[in-house]
Amino acid sequence: MGQHRKGVGIRRDGQLWILCRQRISSNSDLTDHLARIKVTSAKGSDRYGPKIAEDEVHTRRSAILAGAAFCAAPMVRAQGAAPFRFALTPVFLDNDAAVIAALRTALGEAMGREIELVQRRTYQEITGALLDGSVDAAWTCGYPYLQHRDQLSLLGVPVWRGAPLYQSYLIVAAGDAATSLADLQGGAHAFSDPDSNSGYLVTASDLARIGATPDGFFSRSIFTYGHRNVVRAVAGGLTRSGSVDGYVWEVLNSVEPGLTARTRVISRSEDLGFPPFVARSDRIEEVGITACMAALQGLGKADRGQEVLRLLFLDAVVPADPALFNGIATRMAELSGG
Amino acid sequence: MTAVPRFRNLPVTVRVPLITAALMIILALVASQSVLGALGRVQDARLSETARLHVEGLAVALGPSVLRQDVWEVYDILDRARQASDGQRLLLTVVADERGHVLAATDPRRAPVGEDAAEFGLGAVAPEAVRMTGDPVLRVASPLLYQGRTIGGIVTELDVTDLLAERRQVTLWLLFGNALATVLLAFGGWLAVARILRPVGALVQAMDSSGGAPRPIPQAAIPHGDPGLARLIVTYNQMTTAVEERAEAERRLADRERFVSLGRLSSALAHEVNNPLGGLLNAADTIRTYADRPDVVRQSAELMQRGLAHLRDVTRAMLDQNRLDRAGQPLRPEDFEDLRLLFEPEAHSRNIALAWEVQAGATVLASQPAAPVRQVALNLLLNAGAAAGQNGQVGLKVSNGGDQLSIVVSNTGSAMSEADLRRLLASGPLPPGGGVGLRLVHDIVSGLGGTLHHDRAEGRTVIRVDLPAMGSGHA
């Protein structure tokens, strides 16, 4: 086997650089192979002070990320091909670098090419990047998928607790006496993203049913651009209530019980289609895209894929039927109709 | 005497350590103040630096979010900064917008979004001006500058409980340490001073405990390391020797006085012995001449017997007066008869009229020792006789009032001189010259616990000696 020399560094802008030298065995010559993996923070370094950006990098999860990256490095082939760009949104599991690294590794291994995971702050940015071709595929939400149903195709949908379904939760602080949406009138409310189904559409459409709008019903509504942030906003008392992804809340309840314990779920929506993996319809036939689809749907078969699914608390990724998102479409209609 | 002796009355062995302790306490206070002052400055600098870095760091991070009025972003930054900050120094940070309304705070329940932020700015100071005031919570306020203009403000509550506790801890340790050091040094000072002043203490003790007879300090106790003190003690020892020698001389003089008084009587007594001797010799001659006449012999023998008896009485009185082994014998009426026998020749020689009156009963007399009382009475009689002169009058009256024995000796003639009165009545040093008889009277009467009274009226000098009854041992 080859001999490895590795290095890791943090650039001033907060980007993490990993250097891996692999000496490829051969009888006559030794070729130093340099693999460079760039992790682009979804939160641009201009948005936080340098100290905070560094703090982000210096998390336990970063260490895991670095470790995972080392393992991945020998797999990378220096073929000169552009990396496959896969977009994620922090709306899911904000900051969970271990999950992100594992996902990249698993996809890279399954697809046999370098994966660049792109994180953006909002669904809108992700959708825009997907549509303009700056990313090849994305894990997004059912709501943006439906908004661009004519241009986007489904690559697969995760199965959680036995079904490709999830709910939107309405949460309040643990000590709050509210029992329903109606009790929350006049208080501040935290949404995750204006293009999130569970983090906005469900509550907004519920309000539309009673002829109200978020701005009118709540004293103040803020977007936190992260389901975990919604939980933090409610737990910390910034807002009285929040609309959160039920899957995210349940996962947080397992990994950060101290945070969710400060909140209480007061209502759950009906089952809705789980956030799907999507790509542009006109590129669905491309080798990269089909490989990506196969890799996603085969996650449960590979060891690293299983690791990703375990970290995400998911069972599998299965082929998706657009009809799965009919519930979301109904709510969209209610919101626009209202 | 007051219950608490005044400082200047305290012994030097106590005063010097007290002064040492007082100086130590002052030193400790000054040192403690200096340490606390330095600690305070360090803490203030630390606090100011913490506040400044916190506010400056936040200002950089918060600028764009505050400009956009992005409540979540501001909260998110504050929340992360709070979690990243060490310990719990930063209690609350409130970010206000341009209008002074709360945009977000680390604890939104305390500072709800949209509330007036003014109340959080009460008592707040600029980060570089923050100082420990004793308040566990300090407020720091700073305008939020972004791209050269003020877009809001930051107020931070700093928890300085730990710094206060540190200061309290240091104060306590200083107090404890200084108290301990002061006690140790004061004790050491006391030991050192006590050691240095031990000879002085010994000197004072030697002077105090001797009851009037100064006792010399042994050669071994003289601190030869301290020339001044050594000289002082050597001088003292010389002084005590001189006093002792003087006391010894006085004692010898007093002993001699008894013989002196007899000496003064000797001529009169010789006359007293000589007078019967002529008669006795005559009687002896008559007996020899008329040996065959029994009636004459018997008459002469009786005459001789009377003369010899008189001689025997006189010599016995003289012997009794001088016998040292009579010390402790009780006084008897016969003692006054002896005195009369001794004094009468002196009185006769000067033709002094003697009024002799012994009224006191034998029981009261027996409560007094014979020798000293006889010495007192004889000395006073001799003195009275001398003062009365030719054809004068001398009286002796011995009486008792209850248990008390009074001996009154009176005489006509000139009054007692001032010097004699001082000898008799006072116990001060004797002026040079003069006899010691009167002083001996004074000393003996004092020794017996009695008192002397002098009176001069109608040309008579009256000396009264009052002697209280002694214990049963003399009875």
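Two strands count as paired here if DSSP finds at least two bridges between them. Keep that in mind as you open this predicted model, because the tour starts at a pair of strands.

**Stop 1: a hairpin in chain B**

Select β3 (137-146) of chain B together with β4 (149-159) of chain B. These two strands form a hairpin, with two residues between them. How many bridges join β3(B) to β4(B), and in which direction do the strands run? There are 10 bridges, and the strands run antiparallel. For one facing pair, pick B:L144, which stands opposite B:G152 in β4(B).

Now zoom in on the turn and click on B:Q147. Its phi is positive, about 50°, although B:Q147 is not a glycine. Is B:Q147 buried or exposed? B:Q147 counts as exposed because it has 8 C-beta neighbours inside 10 Å, and the cut-off for exposed is 12 or fewer.

**Stop 2: the other partner of β4(B)**

Keep β4(B) selected and add strand β1 (residues 90-97) of chain B. Seven bridges join β1(B) to β4(B), and this pair is antiparallel. Here B:L92 stands opposite B:E157 in β4(B). Colour β4(B) by burial: eight of its 11 residues are buried, so the strand is largely enclosed by the rest of the structure.

**Stop 3: B:D116 in its loop**

Next, select B:D116, which sits in the loop between β2 (102-105) and β3 (137-146) of chain B. Which residues does B:D116 touch once its neighbours within four places in sequence are left aside? They are B:G100 and B:H101. You can also draw a distance from B:D116 to B:L103: their C-alpha atoms are separated by 9.7 Å, and the two residues are 13 apart along the chain. B:D116 is partly exposed, because 13 other C-beta atoms lie within 10 Å.

**Stop 4: the nonpolar cores**

Move on to B:V74, B:V95 and B:A104. These are the residues with the most contacts inside the largest nonpolar core, which has 121 residues. Bring chain A into view as well, since helix α3 (residues 97-111) of chain A gives the most to this core, with 10 residues. Apart from this core lies another, of 37 residues, among them B:F336, B:I352, B:L365 and B:L378.

Then return to B:V74 and show its contacts. Not counting residues up to four places away in sequence, B:V74 touches B:L62, B:S65, B:V66, B:V95, B:L103 and B:A104. You have met B:L103 already, as the residue whose C-alpha atom is 9.7 Å from that of B:D116.

**Stop 5: where the chains meet**

Show both chains and select the contact between them. It takes 16 residues from chain B and 16 residues from chain A. On the side of chain B that touches chain A, the elements giving two or more residues are α1 (12-68) and α2 (71-84) of chain B. Which of the elements gives the most to this side? It is α2(B), with eight residues. Colour this side of chain B by class and you will find 10 nonpolar, one polar and five charged residues.

While chain A is on screen, take in its overall make-up. Chain A has 13 helices and 16 strands, and buried residues make up 48% of its 338 residues. Among contacts in chain A with a separation of 6 or more, 76% are between residues 24 or more positions apart.

**Stop 6: a bent helix**

Go back to chain B and select helix α7 (residues 333-349). At 1.5 Å a residue, its 17 residues should span 24 Å, and the end C-alpha atoms are 25 Å apart, which agrees. Look along the helix for B:F343, where α7(B) bends by about 35°. A proline, B:P345, follows within four residues. Both B:F343 and B:P345 are among the buried residues of α7(B), which also include B:D335, B:F336 and B:D338.

Just after α7(B), stop at B:N351, in the loop between α7 and β5 (353-358) of chain B. Its phi is near 60°, a positive value in a residue other than glycine. B:N351 counts as exposed because it has 10 C-beta neighbours inside 10 Å.

**Last stop: α11(B)**

Finish at helix α11 (residues 437-447) of chain B. Its buried residues are B:G437, B:L438, B:R439, B:L440, B:V441, B:I444 and B:V445. After α11(B) comes B:G449, whose phi is positive, near 80°.

Technical notes: Residues are numbered from 1 along each chain as its sequence is written. Chains are lettered from A and ligands numbered from 1 in the order in which they are written. This is a predicted model: local features need pLDDT of at least 70, side-chain atom pairs count only at pLDDT 80 or more; totals for chains, interfaces and linings use all residues. A residue is buried if 20 or more other C-beta atoms lie within 10 Å of its own, exposed if 12 or fewer, and partly exposed in between; C-beta atoms are placed from the backbone. Two residues are in contact if their C-beta atoms, placed from the backbone, lie within 7 Å. A nonpolar core is a set of buried Ala, Val, Leu, Ile, Met, Phe, Trp, Tyr and Cys residues joined through C-beta atoms within 7 Å. Ala, Val, Leu, Ile, Met, Phe, Trp, Tyr, Cys and Pro count as nonpolar, Asp, Glu, Lys and Arg as charged, and the others, Gly among them, as polar. The expected span of a helix is 1.5 Å times one less than its number of residues. The bend at a residue is the angle between axes fitted to the seven residues ending there and the seven starting there.
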